[in-house]
Amino acid sequence: MSLAQCPTPGSSDAGHLLDGMPDSAAAGGEDRIGALPDDILLLVPSFLPSRESVCTCVLARRWRNLWKSVPTVLVYEEEEASFVTSLLLLRDRVPLREFVCISSPDETPQDVEMWLRYAASCHVRVLQVEVRSYDTTERLRLPNMTLVCQQLTSLYISSLELKERTLDLSSCPVLKKLEMTNCEIYAQKIVCQSLRHLVTYMCIFVSDVRTRISCPSLAALELAENVGLTPLLESMPLLVTAFVEFDADWYEREYPYDHCLNSGYYGGCGDWDCLACCHINSEGDDCVLLDGLCGATSLTLISTPKMIICTRDFKWRRIFSNLKTLYLSEWCLAADSGGLVYFLQHSPILEKLTVGLSFFKYGRQPIGGKDESYKPRKQFLISKNLKEVEIKHRRNDEKIHQIVMILVSLGVPPEHIKCSDYGPSMC
């Protein structure tokens, strides 16, 4: 029987196929798989897509209703909504280990919301909702993303429009990981007390005020290639690793928030046509990023030189008292290496520093001054633990010697500095 001929859950076809079928897979033979205990036997269909799991009902009489107790629901975009709804209605209400719903943009929000409520009612532990389309701008609009699930530990959502003003996951008290990819986020606040790992990748923060991330238990944070206003990070005292990347030239043109048109390093360039500086001047004086990041032990900050939020936060003089490993992209060399100086000055136990120069020829950040004997405006002590400084660069990059001189002038011993290129494939 082909998968296309597989019976729909609850149809009479499944019963007819079993008429006259022996209890074992081979008449007169020993059915070793069928002799396994139910909890072990259920592992077999639990790794299959749900349609194939239903198809196991024709293997033998013992398998006839086994699919109803499978602890996973794995639904992919080729499935019709009617199949998914029938599957959930006929399935036994046993706890779900995992619910994966990968749909097309043509699904109705009502169907998807109903499936999510079903998963929550079955105490799902891992929940994944994804919309797949060749057009990355096609997203499924979900007006209500409220989840009440006591056992949910991991939530993965992709290509959704999240319209709620507050994404409150407080009703998922053991949620540890939240990953959002290619989502439109309208929320002005994301709240979850238990969350340990947060990922936003290629998301659009649509709100005209900064989305506040209130997740005090976070240990790992990844914000990569998002657009719109930079989220405001509230205190994260348990943070260990953080990766923050705002480094896509295309969105500087389409979404100019937080990018000064006049290359103002600290914002406030005074140009009324500069949306970033006008917005910053009107929104108040909150620290946006560094309040949340200053407790990290490992930190990566990648940005274009026009991105002004991090440097604007320098005035708060946050001390990175736990920071041991730091990666900075070329933005740290702007304005007399202001970013580089700041982190060397405010990271008392820093052990390893990496400065990554852009491997593209366009958009390079000029280093001010031609005098190789760079002199910092103010002398300070760098971390005594700093034993390794690496400069990653394009092959034959003419800037290397000048950057080494700057580091030495800041107090980094020359023997601790090494240079490495990206390789021929990146040059």
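This briefing describes selected features of the structure shown above, grouped by topic. The model is a predicted one. It contains an open sheet of four strands, a cluster of aromatic residues linked by ring pairs, and zero disulfides.

**Helix α6**

- Helix α6 covers residues 109–121, and its 13 residues reach 18 Å from the first C-alpha to the last, which is close to the 18 Å expected at 1.5 Å a residue.
- The residues of α6 that are buried are Val-112, Glu-113, Trp-115, Leu-116, Tyr-118, Ala-119 and Ala-120, and the elements that cover them include α5 (81–90), β2 (98–103), β3 (126–131) and β4 (140–142).
- After α6 comes His-123, a residue whose phi is positive, near 60 degrees.

**The four-stranded sheet**

- Strands of a sheet pair through backbone hydrogen bonds, either parallel or antiparallel.
- In this open sheet the four strands follow the order β7-β10-β13-β16, and their pairing is parallel.
- The edges are held by β7 (166–168) and β16 (232–233), each of which has a single partner strand, so one side of each is left without a neighbour in the sheet.
- Strand β13, made of residues 212–214, runs parallel to β16 and is joined to it by two bridges; Ile-213 has Leu-233 as its bridge partner in β16.

**Aromatic rings and a charge over a ring**

- A pair of aromatic rings is described by the distance of the centres and the angle of the planes.
- The count of aromatic pairs comes to five, and one of them is the tilted pair of Phe-320 and Phe-343, with 5.1 Å from centre to centre and 55 degrees between the planes.
- Because Phe-320 lies in the loop between α10 (309–312) and β19 (325–329) while Phe-343 belongs to helix α11 (residues 334–345), this pair ties together parts that are 23 residues apart in sequence.
- Both Phe-320 and Phe-343 are buried, and for Phe-343 the relative accessible area is 1%.
- Phe-343 also pairs with Tyr-342, where the ring centres are 5.6 Å apart and the planes stand at 85 degrees, so this pair is edge-to-face; Tyr-342 counts as buried, because its relative accessibility is 5%.
- Ring pairs link these three residues with two others, giving a cluster of Phe-314, Phe-320, Trp-331, Tyr-342 and Phe-343.
- Elsewhere, the charged end of Arg-51 sits over the ring of Phe-83, at 4.1 Å from the centre of that ring.

**Cysteines**

- A disulfide is a covalent bond between the sulfur atoms of two cysteines, and the structure holds zero of them.
- Cys-332 is buried, with a relative accessible area of 0%, whereas Cys-419 is partly exposed, with a relative accessible area of 40%.

**Two buried residues and their contacts**

- Glu-390 is found in strand β21, which covers residues 388–393, and this residue is buried, its relative accessible area being 11%.
- When neighbours within four places in sequence are left aside, Glu-390 is in contact with Lys-352, Leu-353, Thr-354, Val-355, Lys-418 and Ser-420.
- Thr-56 lies in the loop between α4 (50–55) and β1 (72–75), and this residue counts as buried because its relative accessibility is 7%.
- With neighbours within four places in sequence again left aside, Thr-56 is in contact with Leu-48, Trp-63 and Trp-67.

Note on methods:
Residues numbered from 1 in each chain as written. Predicted model: local features only at pLDDT ≥ 70, side-chain atom pairs only at ≥ 80, totals over all residues. Heavy atoms only, no water. Buried < 20%, exposed > 50% of the residue type's maximum accessible area, 1.4 Å probe, protein only. Contact = heavy atoms within 4.5 Å. Expected span 1.5 Å × (residues − 1). Disulfide = S-S within 2.5 Å. Phe/Tyr/Trp six-rings, centres within 6.5 Å; stacked < 30°, edge-to-face > 60°. Lys NZ or Arg CZ within 6 Å of the ring centre and 35° of its normal. Pairing = 2+ DSSP bridges.
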